[in-house]
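I opened a fresh page for this one and kept my notes short. Here is what I looked up, in the order I went through it.

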Amino acid sequence: MMKWIPVVLALFLTACSSSDHKTYYQLPALSSTPATTSGSSMMPQGQQRQLWVEHVSVADYLAGNGLVFQTNDVQYVLTQNNLWASPLDQQLQQSLVTYLGRELPGRIVSAQPAGSAEQDVLNVNVTGFHGRYDGSALISGSWVLTHNGQTIQRSFNLTLKQQEDGYDALVRTLAAGWQQEASQIARQIR
């Protein structure tokens, strides 16, 4: 009987150490100083310019539940226990609408079509939104704006240094980079 105690104890410790504790992450809503509002924001809704953020798509490797971490120049790991609380593409679209709404006070920015033929339409394709082995967070992709029948396309590629280690810091750094990219988009489409 005594020789089974070490085996049972080892199995118990192994079971405890391989805990499937999952942590869920949501991009934080970062505050920023709102852009100065002009009298145009008091215009009736029909007279304000409208921007429809139609779609934010993410690359296939980012579409899973897990956060992505690049371990070297060619390998990526999709985490099993550090997960997005809601689909990443939805989080990116919702936060982009919020940030653009702040940056473009004379416009109505929405994730829903306004039903107006004169609305601008923005589509974003995110090809990178992950951490990297050197302590950086990468955000890359492109966006397309349709305005008055014309199409404008731009690429973006941000590399931001994390201030701390860990997934909490990674998510905060990615959120800050996404807000920075939203500001860049707003400046280019004003």
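**Entry 1: a first pair**

I began with Arg132 and Asp134, whose side chains meet in a salt bridge with 2.8 Å from N to O. I then looked up how open the acidic partner is: Asp134 has a relative accessible area of 32%, so I wrote it down as partly exposed. A reminder to myself that this is a predicted model. I also noted the total, and the count comes to 4 salt bridges.

**Entry 2: Asp120 and its partners**

Next I turned to Asp120. With which residue does Asp120 form a salt bridge whose closest N and O atoms are 3.2 Å apart? I found Arg49 there. Asp120 belongs to strand 6, residues 120–132, and Arg49 to strand 2, residues 49–58, so this pair ties together parts of the chain that are 71 residues apart in sequence.

I checked the surroundings of both ends. Asp120 has a relative accessible area of 2%, which is under the 20% limit, so I list it as buried. Arg49 comes out at 37% relative accessibility and therefore counts as partly exposed.

Asp120 also meets Arg107 in a salt bridge, at 3.0 Å from N to O. This pair again links distant parts of the chain, with Asp120 in strand 6 and Arg107 in strand 5 (residues 107–110), 13 residues apart. Buried or exposed, I asked of Asp120 and Arg107? Both are buried.

Putting these together, I drew Arg49, Arg107 and Asp120 as a network of salt bridges. I added a general remark in the margin: side chains of opposite charge can pair when their charged atoms come close.

**Entry 3: the whole chain**

I stepped back to look at the fold. I listed 3 helices and 8 strands for the protein chain. Read along the sequence, they follow the pattern α-β-β-β-β-α-β-β-β-β-α. The chain has 190 residues, and 38% of them count as buried. I also looked at how the contacts are spread: among those with a separation of 6 or more, 67% are between residues 24 or more positions apart.

**Entry 4: helix 2 against helix 3**

Here I wanted the geometry. Two packed helices are described by the angle between their axes and the distance between the axes. For helix 2 (residues 88–103) and helix 3 (residues 167–189), I noted axes that come within 9 Å and cross at roughly 50 degrees. An angle between 35 and 65 degrees falls in the oblique class, so I put helix 2 and helix 3 down as oblique to each other. The crossing of helix 2 past helix 3 is right-handed.

Which residues meet across helix 2 and helix 3? From helix 2, I wrote down Leu92, Ser95, Leu96, Tyr99, Leu100, Arg102 and Glu103. From helix 3, the list is Ala175, Trp178, Gln179, Ala182, Ser183, Ile185 and Ala186. Sorted by class, this contact has 9 nonpolar, 3 polar and 2 charged residues.

**Entry 5: Gln70**

I placed Gln70 in strand 3, residues 66–70. Gln70 has a relative accessible area of 7%, so it goes into my buried column. How far apart in space are Gln70 and His130, C-alpha to C-alpha? I noted 7.2 Å, for residues 60 apart in sequence. Leaving out residues up to four places away in sequence, Gln70 touches Gln75, Tyr76, His130, Gly131, Arg132 and Tyr133. Arg132 is familiar from my first entry, where it meets Asp134 in a salt bridge.

**Entry 6: three loop residues**

I finished with the loops. Asn148 sits in the loop between strand 7 (136–147) and strand 8 (150–161). I noted its phi near 50 degrees, a positive value in a residue other than glycine. At a relative accessible area of 61%, Asn148 is exposed.

Gln112 is in the loop between strand 5 and strand 6, and at 56% relative accessibility Gln112 counts as exposed. Its C-alpha is 9.3 Å from that of Leu51, with their positions 61 residues apart in sequence.

My last stop was Gln163, in the loop between strand 8 and helix 3. Gln163 counts as exposed too, at 72% relative accessibility. Gln163 and Gly135 are 28 residues apart in sequence, and I noted 8.4 Å from C-alpha to C-alpha.

Methods:
Residues numbered from 1 in each chain as written. Predicted model: local features only at pLDDT ≥ 70, side-chain atom pairs only at ≥ 80, totals over all residues. Heavy atoms only, no water. Helix = DSSP H or I, 4+ residues; strand = E, 2+ residues; numbered from the N terminus. Buried < 20%, exposed > 50% of the residue type's maximum accessible area, 1.4 Å probe, protein only. Axes fitted to C-alpha atoms, helices over the stretch in contact; angles between N-to-C directions. Parallel < 35°, antiparallel > 145°, perpendicular 65-115°, else oblique. Left-handed = near helix turned anticlockwise from the far one by under 90°. Contact = heavy atoms within 4.5 Å. Nonpolar A, V, L, I, M, F, W, Y, C, P; charged D, E, K, R; others polar.
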